[in-house]
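Here are a few exercises to help you find your way around a new structure. Try each task yourself before you read its solution.

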Amino acid sequence: MKQMKKMKFLLIAIVLIGAYSCFDDPVEQERIDYTPAREAALLAEYIDTLEDRGFDVDTAAAGIYYVVTKPSDGAYIQAGDSIGLEYIGFIPENGFVFDKSANHYTNGLWKFKYMPGDNLIPGFHAAISLLTEGSEGWFIIPSSLAYGSTGSGAIPPYTTIAFELKLKDIYE
């Protein structure tokens, strides 16, 4: 009798394993092939979406895309200026926020000395250089000016990133 119960259990286990193997692996379904072609298509789609919503998306010489959401007559940043900046970094494809100044700094204001060539990604430098004191904008940075083919942390390879930036102050 015990032998029969063990056989039933084994038979049911085999049937369940076999049935389960017919379904797609959920982990396999979530795998994405991050490529430059995929990134280019998503970038174009995101820019089209912004333009369809009435935003005028400009392209900087450095290769980033941007929308000034709050213009200002303030001064542009110069190398060596101390600045106060608020930022939110996100992935346009899914809205995932990977960093924001409010997580790190008092009142969400990052105060630092602006020096091109320091450890910031090139696209972030390009974005900051387009701001004037008191202005705000959205900056879309292709992976070639961000984390490239390797990605970084929660940012996959060949992933366009974006920042909402507010240049609050330029300090003397």
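## Exercise 1: A pair of rings

Trp-110 and Phe-112 are both buried. The model you are looking at is predicted.

**Task.** Work out which kind of ring pair Trp-110 and Phe-112 form.

**Solution.**
- Begin with the general idea: two aromatic rings are described by how far apart their centres are and by the angle of their planes.
- For Trp-110 and Phe-112, the ring centres are 3.9 Å apart and the planes are at 25°.
- Ring centres have to lie within 6.5 Å to pair, and planes under 30 degrees apart count as stacked.
- The pair of Trp-110 and Phe-112 is therefore stacked.

## Exercise 2: Rings from two strands

**Task.** Find out how the rings of Tyr-87 and Phe-163 are arranged, and which parts of the chain they tie together.

**Solution.**
- By the ring rule, the count is 10 aromatic pairs.
- In the pair of Tyr-87 and Phe-163, the centres are 6.4 Å apart and the planes meet at 70°, so this pair is edge-to-face.
- Tyr-87 belongs to strand E3 (residues 82-91) and Phe-163 to strand E7 (residues 161-171), so the pair ties together parts that lie 76 residues apart in sequence.
- Now check the surroundings: Tyr-87 has a relative accessible area of 8%, and Phe-163 has 7%.
- Buried means under 20%, so Tyr-87 is buried and Phe-163 is buried.
- Finally, ring pairs link Tyr-87, Phe-98, Tyr-105, Trp-110, Phe-112, Phe-124 and Phe-163 into a cluster.

## Exercise 3: Two pockets

**Task.** Describe the volume and lining of the largest pocket, then do the second largest pocket.

**Solution.**
- The largest pocket has a volume of about 210 Å³.
- Its lining includes Tyr-87, Phe-98, Tyr-105, Trp-110, Phe-124 and Phe-163, and these residues also appear in the ring cluster.
- By class, this lining has 9 nonpolar residues, no polar ones and 1 charged.
- The second largest pocket holds about 160 Å³ of space.
- Among its lining residues are Arg-38, Glu-39, Tyr-46, Glu-93 and Thr-160.
- Here the classes divide into 5 nonpolar, 3 polar and 4 charged residues.

## Exercise 4: The whole chain

**Task.** How many helices and strands does the chain have, and in what order do the elements run?

**Solution.**
- The chain has 4 helices and 7 strands.
- Starting at the N terminus, the order is α-α-α-β-β-β-β-β-α-β-β.
- Of the 172 residues, 34% are buried.
- The chain exposes about 10,900 Å², and 56% of that comes from carbon and sulfur atoms.

Technical notes:
Residues are numbered from 1 along each chain as its sequence is written. This is a predicted model: local features need pLDDT of at least 70, side-chain atom pairs count only at pLDDT 80 or more; totals for chains, interfaces and linings use all residues. Side-chain values use heavy atoms; hydrogens and water are left out. On a 1 Å grid over the protein atoms alone, a cavity is a set of points where a 1.4 Å probe fits but cannot get out, and a pocket is an open set with protein on both sides within 12 Å along at least five of seven lines; lining residues have an atom within 4 Å of a point. Grid points are joined across faces, edges and corners, and a volume is the space filled by probe spheres set on the points. Ala, Val, Leu, Ile, Met, Phe, Trp, Tyr, Cys and Pro count as nonpolar, Asp, Glu, Lys and Arg as charged, and the others, Gly among them, as polar. Rings of Phe, Tyr and Trp (its six-membered ring) pair if their centres lie within 6.5 Å; planes under 30 degrees apart count as stacked, over 60 as edge-to-face and the rest as tilted. Buried means under 20% relative accessible area, exposed over 50%, partly exposed in between (1.4 Å probe, protein chains only). Accessible areas come from the Shrake-Rupley method with a 1.4 Å probe; for residues, only the protein chains shown count as cover.
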